[in-house]
Amino acid sequence: MITLRGLTKRFGGTTAVDDLTVDIAPGRVTGFLGPNGAGKSTTMRMVLGLDRPTAGEALVDGRPYRALRHPLHEVGALLDATGIHPARSGRAHLRAMARSNGIPPRRVDEVLGLAGLDGRAADKPGRSLSLGMAQRLGIAGALLGDPPVLLFDEPVNGLDPDGVRWIRRLTRALAAEGRTVLVSSHLMSEMEQTADQLIVIGRGRLIADAPVAELIAASAAASVLVRGPQPVALAALGERLTAEGATVTPHGADGLTVSGAAADRVGDVAYELGVRMHELTPMTGSLEQAFMELTADSVEYAGGTVGSEAR
Ligand SMILES: Nc1ncnc2c1ncn2[C@@H]1O[C@H](COP(=O)(O)OP(=O)(O)OP(=O)(O)O)[C@@H](O)[C@H]1O
C-alpha cells in the first residue's frame, strides 16, 4: 500500500505536486496518468525518498521511505532507466546492487530472466544498451528484492510492441500476486489496457481516482455527435441543451458534440425545435476521451466550450 497525505512539493515558484491525498491499494494495477509536467515523476520521487515533500507525507506500508529497514525488499522502482554506468554491463550493475543489499547472486539471473534479457544483452556495456533494453534492466533492478510495492515511471518508453505487451502482462501478474503496482503514463490507451484503477492528476492536483471502467463509462454515456445543415438552428439546439445542463462543443463546421445528455434527449429537443439533422451518433467512450475531458482545465491548449455563442 502506498499512502499519500496532503503531499505537496514546490520548486521555487512552481507547485509540482499540490496537496495530493490518495491510497494506492495492493492487488491491482493503478495507472498514474497526467499531461506532461503534471507532477507524476515528482510524486514517485517523494515516495522513494529522492525528493523531500514541502508538506504532507508519502508512505510505503505506513512508513516514510527513510524509515524502511530493507528498502529494496519493500519497494522497487523504475524511474530513469538511462542511469546505468556506460562501461558496466547490466549483469554487473545488478550484481553490485544485490551485493550491497545482501541479495544472493542467483537472484540476479532470475530477474534478468523475468525481464526477458538473455545472456548476451545482460553482458553488454551500459553505453550500448537500447532504451528498450535499459527499461528492461531497470525493471529487473526493481524486482531484485522481490518487493511488495512497485513503482514504474513510464515503463513502456522505448519498448517495441512486444515489449509493451510484456509490460502489460508483467504488471498484471505482479498485481495478481497481491503487490501494489503504480504505473505512470501519459498514454491513455496503454492505461486502458493495463490498469484497474486510475489516478489522474493535472498541475499537481488530483483530478480523478476511480476504476478505469467507471471513467470510460462516464465518458461513454455522455457524448453525442450532432450534425446538421442549419448553423443557426444548430446553435439554438446547443443553447437549449446547455440550458439543460449539457456541455456543448463545436465539431467541425456543421456539428456539435454534446456531453451530459443522452442521444434520445438530443433527438427529441432537435425535433421540438424543428432542427434538421444529418447525423445523431452516440460516441463510443474511450479512456482517451475521458482523459481529455478530465484534464481539459489543466493543459494550456484546452479548447473552450460553446454555450450561447454556439454556431
Ligand atoms: N528539480 C526540479 N526543479 C524545478 N522544477 C522541477 C523539478 N522537477 C520537476 N519540476 C517541475 O515540476 C513540475 C512537475 O514535473 P514532473 O516531472 O513531476 O511531471 P510529470 O508529470 O512526471 O511530467 P512528464 O510526463 O513530462 O515526465 C514541472 O513543472 C517541472 O518542470
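The axis of a helix is a line fitted to its C-alpha atoms over the stretch in contact, and the angle between two axes runs from 0 to 180 degrees between their N-to-C directions. With that in hand, two helix pairs can be described in this predicted model. The protein chain is assigned two domains, domain 1 (2-211) and domain 2 (221-283), and a ligand is surrounded by residues that include Phe11 and His186.

**Domains**
- The domain assignment places residues 2-211 in domain 1 and residues 221-283 in domain 2.
- The C-alpha centres of domain 1 and domain 2 are 44 Å apart.

**Around the ligand**
- The ligand is surrounded by Phe11, Thr14, Ala16, Gly34, Asn36, Gly37, Ala38, Gly39, Lys40, Ser41, Thr42 and His186.
- Strand S2 (14-24) and helix H1 (40-47) are the elements that each supply two or more residues to this shell.
- H1 provides the largest share of the shell, three residues.
- Sorted by class, the shell has eight polar, three nonpolar and one charged residues.

**Helices H3 and H4**
- Helix H3 (residues 90-100) packs with helix H4 (residues 106-114) at an angle of about 130°, and their axes are 9 Å apart.
- Angles that are not under 35, over 145 or from 65 to 115 degrees count as oblique, and H3 and H4 are therefore oblique to each other.
- The crossing of H3 past H4 is right-handed.
- On the H3 side the contact involves Arg91, Leu94, Arg95 and Ala98, which meet Arg107, Val108, Val111 and Leu112 in H4.
- This contact of H3 with H4 has five nonpolar and three charged residues, with no polar ones.

**Helices H10 and H11**
- Helix H10 (residues 231-243) and helix H11 (residues 263-273) cross at roughly 125°, with axes that come within 10 Å.
- H10 and H11 are therefore also oblique to each other.
- H10 and H11 make a right-handed crossing.
- Ala233, Ala236, Leu237, Arg240 and Leu241 of H10 meet Val266, Val269, Ala270 and Leu273 of H11.
- Eight residues of the contact of H10 with H11 are nonpolar, one is charged and none is polar.

Definitions and conventions:
Residues are numbered from 1 along each chain as its sequence is written. This is a predicted model: local features need pLDDT of at least 70, side-chain atom pairs count only at pLDDT 80 or more; totals for chains, interfaces and linings use all residues. A residue is near a molecule or strand if its C-beta atom, placed from the backbone, lies within 6 Å of it. Helices (H or I, at least four residues) and strands (E, at least two) are DSSP runs, numbered from the N terminus. Ala, Val, Leu, Ile, Met, Phe, Trp, Tyr, Cys and Pro count as nonpolar, Asp, Glu, Lys and Arg as charged, and the others, Gly among them, as polar. A crossing is left-handed if the near helix is turned anticlockwise from the far one by less than a right angle, and right-handed if clockwise. Two residues are in contact if their C-beta atoms, placed from the backbone, lie within 7 Å. Domain bounds come from an automatic or database domain assignment.
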